[in-house]
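Work through these exercises with the structure open beside you. Try each task before reading its solution.

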Amino acid sequence: VVCMPSRSTMLTGQHPGTHGVWMNGVPLPVDPPSVAAELHRAGYRTALVGKPHFEPFLDPFGRFTENMLSRQGVHTVEAPWHDGTTGPHRGFDHMELATHGAVGPLHYARWIGAEHPEAIGGFYPVLDAEFEVNAAGEGATGAPQVKDNPIPREWYHTDWVADRAISWLDSLAADDDWFCWMSFPDPHHPWDPPAGELHRVDWRDVPLPAGYPESRAEREAILDAKPRHWRRWYDGTLVSNYEAPTRWVPATLTADQVREVNARNAVEVELIDEALGRVLAAIE
């Protein structure tokens, strides 16, 4: 899983202390170097298909180009943009964007809303009714951010990203130089891959991670040897992880919930492997 600081480092070749994205929610400035911009200037066709996340997705005021681009339904990036930049955005002249669900302005959500609106409700709602990170859990164990998603596999964002990347590749001339940043939203919470694919990995058969301390006393002894905010977060008395639900207490996590989450993660990885195989076959 690659967060905003890591994605920004991959794009710019800079450390977070230089490009400034030190945590999720901090947008990448518009002026750092970009590998896509360097290749674009060298004559390459450039595309970003899938999850960009150089800017925040939660953007009710429309401040960020990734969200504006999608709201306008635009794939080919043209200037000028509201941030004062000209030309392709961060060096990408084609962008089709997705995140983990089917709500919001990005291209995948717009596609689902237009073509398969009945599928929207199958995704896990990332925010609860109070616009906090959702703590609800379903599945066999009630693990947080787990939901059985009835969406057909071919409508899920993993296959959509592969489909759109292949479509862009098909648009190129045989002698074009090209660079495609293809970014799958998975494997990532929430754990809601297509329910029809869950048979691939039975969570009951999934071993716990090596070194996982099953005993509560052992876990707490480890945490008590660390700075005190570790134990306070575990006990639910301090919110220090803004990716995690504020109303979820980590101490309540069970071994079976770990197994079920890891099983769904493995399913997401298998789907990505197969989607990547389709793209590589298209390139061949």
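The exercises below go from the whole chain to single residues.

This is a predicted model: local features need pLDDT of at least 70, side-chain atom pairs count only at pLDDT 80 or more, and totals for chains, interfaces and linings use all residues. Residues are numbered from 1 along each chain as its sequence is written, and side-chain values use heavy atoms, with hydrogens and water left out.

**Exercise 1. The whole chain**

Task: Find how many helices and strands the protein chain has, and in what pattern they follow.

Solution:
- Start with the count. The protein chain has nine helices and five strands. Helices (H or I, at least four residues) and strands (E, at least two) are DSSP runs, numbered from the N terminus.
- Read along the sequence. The pattern is α-α-α-β-α-β-α-β-β-α-β-α-α-α.
- Turn to compactness. The radius of gyration is 20 Å and the globule rule gives 19 Å for 284 residues, so the protein chain is as compact as a globular protein of that length. The radius is taken over C-alpha atoms, and the rule is 2.2 Å times the number of residues to the power 0.38.
- Add the box. Along the principal axes, the C-alpha atoms fill roughly 60 × 40 × 35 Å.
- Check burial. Of the 284 residues, 44% count as buried. Buried means under 20% relative accessible area, exposed over 50%, partly exposed in between (1.4 Å probe, protein chains only).

**Exercise 2. Two paired strands**

Task: Say how strand 1 and strand 2 are joined, and whether the faces of strand 2 are covered or open.

Solution:
- Locate strand 1 at residues 45–50 and strand 2 at residues 94–97.
- Look at the pairing. The two strands run parallel, with four bridges between them. Strands pair if DSSP finds at least two bridges between them.
- Pick out one bridge. Gly50 is partnered by Leu97 of strand 2.
- Recall a rule. In a regular strand the side chains alternate between the two faces of the sheet.
- Apply it to strand 2. His94 and Glu96 are on one side, Met95 and Leu97 on the other, and all are buried, so both faces are covered.

**Exercise 3. Two pockets**

Task: What are the volumes and linings of the largest and second largest pockets?

Solution:
- Fix the term. On a 1 Å grid over the protein atoms alone, a pocket is an open set of points where a 1.4 Å probe fits, with protein on both sides within 12 Å along at least five of seven lines; lining residues have an atom within 4 Å of a point.
- Take the largest pocket. Its volume is about 1400 Å³, meaning the space filled by probe spheres set on the points, which are joined across faces, edges and corners.
- List its lining. There are 43 residues, and Phe57, Leu58, Val126, Leu127 and Val133 lie nearest the centre.
- Sort them. The lining holds 25 nonpolar, 13 polar and five charged residues. Ala, Val, Leu, Ile, Met, Phe, Trp, Tyr, Cys and Pro count as nonpolar, Asp, Glu, Lys and Arg as charged, and the others, Gly among them, as polar.
- Take the second largest pocket, at about 760 Å³. It is lined by 27 residues, with Trp233, Trp248, Pro250, Leu253 and Val258 closest to its centre.
- Trace the helices. Helix 7 (216–224), helix 8 (228–235) and helix 9 (255–283) each supply at least two lining residues. Helix 8 gives the largest share, four residues.

**Exercise 4. Unusual backbone**

Task: Where are the cis peptide bonds and the positive phi values?

Solution:
- Begin with the norm. Most residues other than glycine have a negative phi, and most peptide bonds are trans.
- Find the cis bonds. One runs from Asp186 to Pro187, with omega near -5°. Another joins His189 and Pro190, with omega about -5°.
- Place them. Pro187 lies in the loop between strand 5 (178–183) and helix 7, and Pro190 is found in that loop too.
- Find the positive phi values. Arg90 has phi near 55°; Phe131 has about 60°.
- Compare exposure. Arg90 is buried at 11% relative accessible area, whereas Phe131 counts as exposed at 68%.

**Exercise 5. A buried loop residue**

Task: Which residues does Gln145 touch?

Solution:
- Place Gln145 in the loop between strand 4 (143–144) and helix 6 (157–170).
- Check burial. Gln145 is buried, at 4% relative accessible area.
- List contacts (heavy atoms within 4.5 Å). Not counting residues up to four places away in sequence, Gln145 touches Tyr124, Val133, Asn134, Ala136, Gly137, His189, Pro190, Trp191 and Pro245.
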